[in-house]
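The exercises that follow ask you to work through a structure step by step, with a solution after each task. Please keep the sequence and the model open beside the text as you read.

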Amino acid sequence: MKRTLKDLAIFGGPAAFDEIRHVGGPNVGDRTRLIERINELLDRRWLTNDGPFVQELEKRIAETAGAKHCVALCNATLALELTVRALEISGEVIVPSMTFIATAHALQWQQITPVFCDIDDESFTLDPDRVAELITPRTSAIMGVHLWGRPCRIEKLTDLARKNNLKLIFDAAHAFGCSWNGQMIGGFGDAEVFSFHATKFLNTFEGGAVVTNNDELAAKIRVMRNFGFAGYDNVISLGTNAKMSEVSAAMGLTGLESMDEFIAANYGYYRQYGEELSGVNGVSMVEYDETEKNNYQYVVLLIDQETTGVSRDQLMDLLWAENVRARRYFYPGCHRMQPYDSLYPETSERLPVTEDLVQRVLLLPTGTTISSEDISRICHIISFAVSHGEEINQLMSAEIGTHAG
Ligand SMILES: Cc1ncc(COP(=O)(O)O)c(C=O)c1O
């Protein structure tokens, strides 16, 4: 319990946690089942190259996502790159800046210009009206991001893409297990891309997948992920090595069997945070539409410093000192990172909603690696800090840049 300011770790008190509590602590599922699968793949001596576990995982992901095809890959960044390449996208692609840097890099890496577009202040995803303003003769696609698993304005973006003859891709890295309008994320646009990185709701250590209803596109990406091979000694296109290994697929299959448990843990904690922070003025939580399916993997706070007194960054530093590694996904926005900040220096002027949001977001730990007691303790720290907001702000402002990065 923090009773006085001196009890806060940032001012010399003991940290609330001995071990760091992370955002995105990995879900593991049934370890015995995982080890069985690893033994099975070792016995089979089929470790990679479109093995039986990868094939099974692809089938299960496609079924869960309601898409015709799933192509499993070594990560979502490569999945985005291959999708863009296979769709023969060039010139400019309209993307949000409020996303992980990989969304933009997947384009710029291939000499395609990411045209950063603002988001709307409700969904925090691409604002279709702003997208329409940015379409030029060089635009070949729109890439929406289902930020924190909350779906894009899918209907309007689909309309815009169709009317302007543009490809539509969704970076669904956060959105496996989520739905929009009762339909699972995975079947929209030309293709959607999931990430199965260790921090994601379902993980394959590292991994990703393209899901699509387009037969030709899926076939093309399959060839591309394997150096362009269409059969033994037969290379039919440029390709790379983006294959998923069997051990990764074993992890994914095991995780899938525990998906309901992962969601139940996340949902319970989402509700708990909501309740325990409800009386904290100036701190609100980004909500999920409970009439849809959600994975509830991200607990996102919005900090209004005018009310809390303490700034978002001060609150983060204060939590880090307590061993709670709260994160600012995605500060400061891709447009303010390199190479984009240098290449397109004027971008921030057209991104007022993004610029405001990146100053306010703070993500908290949730999921199977933490406990309900941990959450109460985290909420207590936040509530205590806000109740002494001005004082903390003054004390921390007096110190020189303590922020840990
Ligand atoms: C929105 C978004 N897109 C793409 C990626 C890249 O995924 P990966 O790490 O699997 O390459 C991530 C996260 O890691 C992400 O959060």
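**Exercise 1: the ligand site**

A backbone N or O atom of Ala76 lies 2.9 Å from an oxygen atom of the ligand, which makes a starting point for this task: find the residues that surround the ligand, and state how much of the ligand the protein buries.

Solution. Before starting, note that this is a predicted model, in which local features need pLDDT of at least 70 and side-chain atom pairs count only at pLDDT 80 or more, while totals for chains, interfaces and linings use all residues. Residues are numbered from 1 along each chain as its sequence is written, and side-chain values use heavy atoms, with hydrogens and water left out.

Step 1. Collect the residues with a heavy atom within 4 Å of the ligand; there are 15 around it, and the closest are Thr77, Asp171, His174, Ser195 and Lys200.

Step 2. Look for polar contacts, meaning pairs of N or O atoms within 3.5 Å (within protein, one must be able to donate a hydrogen and the other to accept it, and residues adjacent in sequence count only if both atoms are side-chain atoms). The side chain of Thr77 has an N or O atom 2.6 Å from an oxygen atom of the ligand, and for the side chain of Ser195 the corresponding distance to a ligand oxygen is 2.8 Å.

Step 3. Taken alone, the ligand exposes 380 Å², of which the protein buries 92%; accessible areas come from the Shrake-Rupley method with a 1.4 Å probe, and for residues only the protein chains shown count as cover.

**Exercise 2: the nonpolar cores**

Identify the residues that touch the most other members of the largest nonpolar core, and say which element supplies its largest share.

Solution. Step 1. A nonpolar core is a set of buried Ala, Val, Leu, Ile, Met, Phe, Trp, Tyr and Cys residues joined through side-chain atoms within 4.5 Å, where buried means under 20% relative accessible area, exposed over 50%, and partly exposed in between (1.4 Å probe, protein chains only). The largest such core has 54 residues, and Trp148, Tyr273, Leu301, Leu319, Leu364 and Ile382 touch the most other members.

Step 2. At least two residues of this core come from each of α9 (259–276), β13 (283–285), β14 (299–303), α11 (312–321), β16 (361–364), α14 (372–387) and α15 (389–398); helices (H or I, at least four residues) and strands (E, at least two) are DSSP runs, numbered from the N terminus. The largest share, eight residues, is supplied by α14.

Step 3. Take Leu364 and set aside its neighbours within four places in sequence: its contacts, meaning heavy atoms within 4.5 Å, are Val23, Tyr273, Leu277, Val299, Leu301, Leu319, Ala326, Ile378 and Ile382.

**Exercise 3: a covered helix**

Decide whether α11 is mostly covered or mostly open, and list what its buried residues pack against.

Solution. Step 1. Eight of the 10 residues of α11 are buried, and the helix is therefore mostly covered. The buried ones are Arg312, Gln314, Leu315, Met316, Asp317, Leu318, Leu319 and Trp320.

Step 2. These buried residues of α11 pack against β14, β15 (324–325), β16, α14 and α15.

Step 3. Following the chain onward from α11 brings you to Asn323, whose phi is positive, near 75°.

**Exercise 4: backbone and cysteines**

Where are the cis peptide bonds between β15 and α12, which residues other than glycine have a positive phi, and how many disulfides are found?

Solution. Step 1. A cis peptide bond, with omega about 10°, joins Tyr329 and Phe330, and Phe330 is found in the loop between β15 and α12 (340–343). The peptide bond from Tyr331 to Pro332 is also cis, with omega near 0°, and Pro332 has its place in that loop between β15 and α12.

Step 2. Gln111 has a positive phi, near 60°, and is exposed at 67% relative accessible area. Tyr296, in the loop between β13 and β14, has a positive phi near 50° but is buried, at 6%.

Step 3. A disulfide is a pair of cysteine sulfur atoms within 2.5 Å, and a search of the whole structure finds zero. For Cys70, the closest cysteine sulfur, in Cys74, is 13 Å away, and the pair is therefore too far apart for a bond.
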